[in-house]
Amino acid sequence: MAGIYWSHVLEKFCMALWYVLLLFCVWVMVRFGLGGFLEGGLTGVGSFLIALPFGVLAGLVGWRLFAPGLADGVTRLLVGGSEKLKAPPPLLSPCAGMIAAGRLEEAREALLELRQQYPNSPEVAELLWQVYESSGDREGQIAVIETYFQTSDRQPGAANVMLLLAYADLIGERAVPLLRSELGRSVYRAVEKRELQNRLRSLIGSA
């Protein structure tokens with residue numbers, strides 16, 4: 001676990017260095033580029049030529065830092081637009097109420113029926129997982145997660161990450177293949193991918 005901790009520290013330190021480099025490049029670009037524009041003549045041309053590579057480098061560093069966030073926003077926009085075209089999500093409030101009231105068998109039956117209608121719904125899978133967790137049925141929890149992640153058209157959502165993390169807690173390093181497979185999909189946001197990558201590192205480090 002110490003290796004995982006220091007890898008996070010190194011990752012943050014490297015990110016800070018990227019930001020320092022970006023600020024330095026921008027400063028040089030403004031200092032010489034704007035100065036060259038104001039001075040004009042041969043001196044201005046020389047200043048502009050000095051600023052030019054730093055401007056290019058600033059663009060590359062900025063892309064390195066901010067491209068994942070932009071891609072994340074585009075993905076959410078596209079996914080959100082596609083979700084609006086799908087059938088409305090199942091009404092899960094009654095099932096959640098049953099679980100909260102301890103009516104686990106009733107909730108299980110209702111959720112199994114909903115799963116037949118919405119096998120690709122992460123929310124249905126999460127609530128069904130909660131039923132088995134509340135009843136202490138470890139094998140049931142594992143079966144729910146494995147059955148859900150066998151569906152090819154799974155909908156995106158935070159419940160997917162929660163189920164993957166729960167799966168890792170349940171079976172340990174045997175969850176590594178599924179986590180690796182899911183990390184290869186483009187439906188996860190950048191922050192969700194980082195969370196899954198951190199758990200994957202911890203599983204590999206403890207193996």
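I will start with helix α7. In α7, the buried residues are Ala 159, Asn 160, Val 161, Leu 163, Leu 164, Leu 165, Ala 166, Tyr 167, Ala 168, Leu 170 and Ile 171. Before going on, please keep in mind that this is a predicted model.

That list makes α7 a mostly covered helix, with 11 of its 14 residues buried. The helix runs over residues 158–171. From first C-alpha to last, α7 reaches 21 Å, close to the 20 Å expected at 1.5 Å a residue. What follows α7? The next residue is Gly 172, and its phi is positive, near 65 degrees.

One residue of α7 brings us to the salt bridges. Asp 169 pairs with Arg 199, and their closest N and O atoms are 2.9 Å apart. Arg 199 belongs to helix α9, residues 190–206, while Asp 169 is in α7, so this salt bridge ties together parts that are 30 residues apart in sequence. Are the two partners buried or exposed? Asp 169 counts as exposed, at 59% relative accessibility. Arg 199 counts as partly exposed, at 24%.

How many salt bridges does a search of the whole structure find? The count is seven. I will go through two others.

The next one is between Arg 154 and Glu 182, where the closest N and O atoms are 2.4 Å apart. This pair also links distant parts of the chain. Arg 154 sits in the loop between α6 and α7, Glu 182 sits in helix α8, residues 176–183, and the two are 28 residues apart. Here both ends are covered. Arg 154 counts as buried at 10% relative accessibility, and Glu 182 is buried with a relative accessible area of 2%. For both residues, the cut-off for buried is under 20%. Arg 154 and Glu 182 also belong to a network: salt bridges that share partners join them with Arg 185.

The other pair is Arg 138 with Glu 139, and the closest N and O atoms there are 3.4 Å apart. At 36% relative accessibility, Arg 138 counts as partly exposed. Glu 139 counts as exposed, at 54%.

Now to the aromatic residues. How many aromatic pairs does the structure hold? There are two. In one of them, the rings of Phe 24 and Phe 54 have centres 5.9 Å apart and planes at 75 degrees, so the pair is edge-to-face. The cut-off behind that label is an angle over 60 degrees. Which helices do these residues come from? Phe 24 is in helix α1, residues 2–39, and Phe 54 is in helix α2, residues 41–84. The pair therefore ties together parts that are 30 residues apart in sequence. Phe 24 counts as partly exposed at 44% relative accessibility, and Phe 54 counts as partly exposed at 26%.

The other aromatic pair is Tyr 148 with Phe 149. Their ring centres are 4.9 Å apart and their planes stand at 75 degrees, so this pair is edge-to-face as well. Both Tyr 148 and Phe 149 are buried.

Phe 24 comes up again at the surface. There is a nonpolar surface patch of about 780 Å², made by Leu 21, Phe 24, Trp 27, Leu 49, Leu 52, Val 56, Leu 57 and Leu 60. Which elements give two or more residues to the patch? They are α1 and α2. Of these, α2 gives the most, with five residues. One residue of the patch is Leu 49, which lies in α2. Leu 49 is exposed, with a relative accessible area of 52%.

For background on helices in general, an α-helix has 3.6 residues a turn, so residues three or four places apart point the same way.

Last, the cysteines. A disulfide is a covalent bond between the sulfur atoms of two cysteines. How many disulfides does the structure hold? The number is zero. Cys 25 is buried, with a relative accessible area of 0%. Cys 95 is buried too, with a relative accessible area of 4%.

To go back over the main points: α7 is mostly covered, and its Asp 169 forms a salt bridge with Arg 199. Arg 154, Glu 182 and Arg 185 are joined in one network of salt bridges. Helices α1 and α2 are tied together by the pair of Phe 24 and Phe 54, and both helices give residues to the nonpolar patch.

Notes:
Residues numbered from 1 in each chain as written. Predicted model: local features only at pLDDT ≥ 70, side-chain atom pairs only at ≥ 80, totals over all residues. Heavy atoms only, no water. Phe/Tyr/Trp six-rings, centres within 6.5 Å; stacked < 30°, edge-to-face > 60°. Helix = DSSP H or I, 4+ residues; strand = E, 2+ residues; numbered from the N terminus. Buried < 20%, exposed > 50% of the residue type's maximum accessible area, 1.4 Å probe, protein only. Expected span 1.5 Å × (residues − 1). Patch = residues over 30% accessible without salt bridge, like charges linked within 9 Å, V, L, I, M, F, W, Y side chains within 5 Å. Areas by Shrake-Rupley, 256 points an atom, 1.4 Å probe, with all protein chains shown as cover. Salt bridge = Lys/Arg side-chain N within 4 Å of Asp/Glu carboxyl O. Disulfide = S-S within 2.5 Å.
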